[in-house]
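Visitor: I've got a model open on my screen and I'd like to learn how to read it. Could you walk me through it, one feature at a time?

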Amino acid sequence: MEQTPMTARGEQLLREELTRLKTVERPRITAAIAEARSHGDLSENAEYDAAKEEQGLCEARIKDIEAKLASANIIDVTKLKGTSALKVVFGATVTLLDLNTDKEITYKIVGEDEASIENNLISYKTPIAKGLLGKVEGDEVTIAIPKGTVEYEIVEVKYLP
């Protein structure tokens, strides 16, 4: 089975979602199905159909999370030993200077399920993350992205939780 990298925070969030689905959502959906059944004829019962569809989605998500957790390779960057120039690795928080606009941006490189561009969390599979991995503070990188190319200087690398 192929292992998927995941941060400790990503694992925690998936475990919390799994617990919520199993202890809150699953019983609520079961109760909704029972309520809809009590209304009689199931062939024309929209409440029953909706509850059964929701149950299917919930069970699929539970299986998906369980599979992801089973194949997860949890990487906690806070336990990595730092040197004078920290390397960009999975889980690192990287501050970049856009050499074309002189604007700084900070990204954390995370697993696919954790990615959220609104929160500056980028998947390790994105072109930007791939272009940064293995580099160190002070390096300048040119990265091909769908819109063209970007040039960054790596200002700072941190191993934060």
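Guide: Sure, strands first: two strands pair if DSSP finds at least two bridges between them. Strands (E, at least two residues) and helices (H or I, at least four residues) are DSSP runs, numbered from the N terminus. What you have is a predicted model, where local features need pLDDT of at least 70, side-chain atom pairs count only at pLDDT 80 or more, and totals for chains, interfaces and linings use all residues. Residues are numbered from 1 along each chain as its sequence is written, and side-chain values use heavy atoms, with hydrogens and water left out.

Visitor: In what order do the five strands of the open sheet come?

Guide: Read across, the order is β5-β4-β3-β7-β6, with mixed pairing. At the edges sit β5 (121-123) and β6 (140-145), each of which pairs on one side only. Angles here run from 0 to 180 degrees between N-to-C directions, with axes as lines fitted to C-alpha atoms (for helices, over the stretch in contact). Neighbouring strands of this sheet are turned by 45° against each other on average, direction ignored.

Visitor: Mixed, okay. In which sense do β3 and β4 pair?

Guide: Antiparallel: five bridges link β3 (residues 93-98) with β4 (residues 104-110). Leu-97 has Glu-104 as its bridge partner, and Leu-96 stands opposite Ile-105. Five residues lie between the two strands of this hairpin, and Asp-102 takes a positive phi near 60° there. On to β5: β4 and β5 run parallel, joined by three bridges, and Ile-109 has Ile-122 as its bridge partner.

Visitor: Now helices. How many residues does α1 have, and what span is expected?

Guide: The expected span of a helix is 1.5 Å times one less than its number of residues. With 30 residues, α1 reaches 42 Å from its first C-alpha to its last, close to the expected 44 Å. A bend at a residue is the angle between axes fitted to the seven residues ending there and the seven starting there; α1 bends by about 35° at Leu-21.

Visitor: Glu-25 caught my eye. Is it buried or exposed?

Guide: Buried means under 20% relative accessible area, exposed over 50%, and partly exposed in between (1.4 Å probe, protein chains only). Glu-25 has a relative accessible area of 18%, so it counts as buried. Glu-25 lies in α1 (residues 8-37), whose buried residues also include Leu-14, Leu-18 and Ile-29.

Visitor: And which residues is Glu-25 in contact with?

Guide: Contact means heavy atoms within 4.5 Å. Leaving aside neighbours within four places in sequence, Glu-25 is in contact with Arg-20, Glu-54 and Cys-58. Among what covers the buried residues of α1 are β1 (4-7) and α2 (46-70).
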